[in-house]
Amino acid sequence: MVERPAGFWVRVGASILDVIVVSGTIFILAALFGIGGDTREILDAVGNLVYTLLLPVLWFGYTVGKRLLGIRIVKMDGSDVGFGTMLLRVVVAGFVYAITLMIAYIVSVFMVAFRKDKRSIHDMIAKTYVTYNKPDEVNPYQES
């Protein structure tokens, strides 16, 4: 069950913040080390891929942009995403978007904007959604 789904504009805002964080950092580092052209573009693409795949796995479904806006990616049962889930969400969905010449991406935009559960094609593929729910607080003193 989808609880407190995050809508279109907050997800767009988080994505913009993530691009600024990753691409901005790579741009500054590339300038400092004199890296430019194709090499910088490859570093930017790899950096964005690694960031998008790993950070949500390591940080309870958050990226920097999502954390700043108070949203995160979770599995349909509300549990944290794993590496396999993020591979489906990012890589497999990316292939779907590329194969359809981005038509599926445009459909996803409308899905997030108008569906009640705010799930896109990449959410459907990975069985995820984006929510305002915070991760469960772990109480170290609680008995299992």
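**Salt bridges and a helix crossing**

Let us begin with one pair of charged side chains: Arg 72 and Asp 80 meet in a salt bridge, with N and O 3.0 Å apart. Keep in mind that this is a predicted model. The two partners of this pair sit in unlike surroundings: Arg 72 counts as buried, at 3% relative accessibility, whereas Asp 80, at 35%, counts as partly exposed.

How many salt bridges does a search of the whole structure find? The search returns 4. One of them joins Arg 11 to Asp 123, and here the closest N and O atoms are 2.9 Å apart. If you trace the chain between these two residues, you will see what the pair brings together. Arg 11 belongs to helix 1 (residues 8-32) and Asp 123 to helix 6 (residues 121-126), so the salt bridge ties together parts that lie 112 residues apart in sequence.

Are Arg 11 and Asp 123 buried or exposed? Arg 11 has a relative accessible area of 11%, which means that it is buried, because the limit for buried is under 20%. Asp 123 is buried too, with a relative accessible area of 0%. This pair also has company: Arg 89 is linked with Arg 11 and Asp 123 in a network of salt bridges.

Next, look at Asp 117 and Arg 115. Their side chains meet in a salt bridge, with an N to O distance of 2.8 Å. Asp 117 counts as buried at 18% relative accessibility, while Arg 115 is partly exposed at 32%.

Now turn from charged pairs to the packing of two helices. Helix 2 covers residues 37-58 and helix 4 covers residues 83-99; their axes come within 9 Å and cross at roughly 145 degrees. The handedness of this crossing is right-handed. Which residues make the contact? On the helix 2 side they are Leu 49, Thr 52, Leu 53, Leu 54, Pro 56 and Val 57. Helix 4 brings Phe 83, Met 86, Leu 87, Val 90 and Val 91.

What is the make-up of this contact by class? Between helix 2 and helix 4 there are 10 nonpolar residues, 1 polar residue and no charged residues. Thr 52 of helix 2 is the polar one, because Thr is not among the residue types that count as nonpolar or charged.

To bring the two parts together: Arg 11, Arg 89 and Asp 123 are linked by salt bridges, whereas the contact of helix 2 with helix 4 has no charged residues.

Key: Residues numbered from 1 in each chain as written. Predicted model: local features only at pLDDT ≥ 70, side-chain atom pairs only at ≥ 80, totals over all residues. Heavy atoms only, no water. Helix = DSSP H or I, 4+ residues; strand = E, 2+ residues; numbered from the N terminus. Buried < 20%, exposed > 50% of the residue type's maximum accessible area, 1.4 Å probe, protein only. Axes fitted to C-alpha atoms, helices over the stretch in contact; angles between N-to-C directions. Left-handed = near helix turned anticlockwise from the far one by under 90°. Contact = heavy atoms within 4.5 Å.
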